[in-house]
Amino acid sequence: MPRVLITTDYLRPGDDVDLFLRRSGLETVHLPMAGRRDPAQLVAALAGIDAALVANEPLTGGVLARAPRLRAIVRTGVGYDSIDVAAATRFGITVSNLPGINANAVAEYTVGLLLAGARRLVQSAQGVAQGNWPREDGHELRGSTLGLIGYGASARAVVPLARAFGMSVVCTTNVPTQLRSDPEARFVALPELLAISDYVSVHTALTERTRGLLDESAFKRMKPTALLINTARGPIVDEDALVAAVRAGEIAGAALDVVCEEPLAPSSPLRGVDGIVIYSHMAGQTAEARAAAGRRGAEEVVAALEGRPQFPVN
């Protein structure tokens with residue numbers, strides 16, 4: 001009986017996903033990810049495993065080389081930068097993600113961060129909790145410009161929500177011109193987007209090209225009143241450059257749902273910076289998105305083990 005390792009923390013023994021996999025003739029092994037595991041722990045967890053339904057486990061080439069039975073890895077999400085796809089391909093392991101599975105959740109969350117940042121909701125609540133009664137002016141979204149970096153499913157889902165608030169939307173992307181069919185967004189190069197946007201929201205994948213994309217030079221192009229929002233991947237933003245830009249008044253602040261090291265390290269330069277608010281990587285974590293990701297991920301595991309993956313990335 002093929003064995004499936006499940007590390008996604010919201011999937012549990014006896015839930016619908018577990019029952020589906022077992023009815024499909026698979027044995028399930030649950031080891032929810034809690035923080036980061038070292039390579040030895042991952043190797044031990046993958047011993048005797050044929051497929052893995054995973055969160056953000058760092059599945060490096062060294063780890064995969066020591067998992068001889070492993071044939072399929074499925075991410076219960078969109079990003080798969082934590083997996084060495086090239087190594088998986090060399091070892092004959094299929095890697096799948098679930099494109100668009102949490103796009104609506106991420107889009108709504110992005111708008112929530114826009115509103116929280118524009119009206120300084122977190123700062124207001126913190127002030128009241130500290131015994132103060134802050135009454136600083138905020139800003140309305142209507143009439144402002146939102147710049148989207150990336151044009152994947154979550155970015156596309158943001159567009160109608162932003163337009164409903166009366167925002168103008170610009171976007172920069174490598175998506176071919178013939179696929180840029182959204183009449184509600186204007187497509188521009190990154191330098192122009194940074195210069196004209198009141199809010200810049202990151203929705204692109206983490207690649208070698210996008211790693212550190214938002215660096216010192218990028219922040220210098222932005223408006224001093226601009227707010228950065230990142231619900232994609234932490235390393236797309238140069239965190240030291242961001243801290244320097246906010247402290248120097250080059251941009252107004254940032255709302256970050258993702259950071260380079262998660263959970264946020266006690267020594268992170270992002271801590272204690274007025275204007276930078278850190279959230280705990282929750283953009284895609286709604287009950288609806290989790291249920292959809294769990295079920296579709298389980299279906300992909302079964303399909304991949306049968307040699308017919310639906311969403312392979314290799």
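How exposed or buried is arginine 120? At 25% relative accessibility, arginine 120 counts as partly exposed. That residue gets its own panel below, after a look at the whole predicted model.

**Figure 1. The whole chain, with 11 helices and 12 strands.** This is a predicted model. Its radius of gyration is 21 Å, close to the 20 Å that the globule rule gives for 314 residues, so the protein is as compact as a globular protein of that length. Lay the C-alpha trace along its principal axes and you get spans of about 60 × 50 × 35 Å. Of the 314 residues, 48% count as buried. If you take contacts with a separation of 6 or more, 61% of them come from residues 24 or more positions apart. About 14800 Å² of the protein is exposed, and carbon and sulfur atoms supply 51% of that area. As for charge, there are 31 positive and 33 negative ones, and their mean positions sit 3 Å apart.

**Figure 2. Threonine 172, in strand E7.** The strand covers residues 168-172. Threonine 172 has a relative accessible area of 13%, and because buried means under 20%, this residue counts as buried. A polar atom of the threonine 172 side chain lies 3.4 Å from the backbone nitrogen of leucine 190. Leaving out residues up to four places away in sequence, threonine 172 touches Leu148, Ile149 and Gly150, along with Val188, Ala189, Leu190 and Leu193. Leu190 therefore turns up both in that set of contacts and as the owner of the backbone nitrogen in the 3.4 Å pair.

**Figure 3. Leucine 64, in helix H3.** Helix H3 runs over residues 61-64. Leucine 64 is buried, with a relative accessible area of 2%. Setting aside neighbours within four places in sequence, its contacts are Leu59, Leu70, Ile73, Asp84, Ala87, Ala88, Phe91 and Ile93. For a distance to check in your viewer, try the C-alpha atoms of leucine 64 and arginine 90: they are 26 residues apart along the chain and separated by 9.9 Å.

**Figure 4. Threonine 89, in helix H4.** Helix H4 takes in residues 85-90. Threonine 89 counts as partly exposed, at 45% relative accessibility. Which residue 225 positions away along the chain has its C-alpha atom 6.5 Å from that of threonine 89? The partner is asparagine 314.

**Figure 5. The cis peptide bond between glutamate 262 and proline 263.** Omega here is about -5 degrees. Proline 263 is found in the loop between strand E11 (253-256) and strand E12 (276-278).

**Figure 6. Arginine 120, with a positive phi.** Phi is about 55 degrees, although arginine 120 is not a glycine. The residue is placed in the loop between helix H5 (103-119) and helix H6 (121-129). To go back to the opening question, arginine 120 is partly exposed at 25% relative accessibility.

**Figure 7. Histidine 281, another non-glycine residue with a positive phi.** Its phi is about 50 degrees. Where along the chain is histidine 281? Look in the loop between E12 and helix H11 (287-305). Histidine 281 counts as partly exposed, with a relative accessibility of 23%.

Key
Residues numbered from 1 in each chain as written. Predicted model: local features only at pLDDT ≥ 70, side-chain atom pairs only at ≥ 80, totals over all residues. Heavy atoms only, no water. Helix = DSSP H or I, 4+ residues; strand = E, 2+ residues; numbered from the N terminus. Rg over C-alpha atoms; globule rule 2.2 N^0.38 Å. Buried < 20%, exposed > 50% of the residue type's maximum accessible area, 1.4 Å probe, protein only. Contact = heavy atoms within 4.5 Å. Areas by Shrake-Rupley, 256 points an atom, 1.4 Å probe, with all protein chains shown as cover. Lys, Arg positive; Asp, Glu negative; His and termini not counted. Charge placed at Lys NZ, Arg CZ, Asp CG, Glu CD. Polar contact = N/O pair within 3.5 Å; in protein donor to acceptor, adjacent residues only side chain to side chain.
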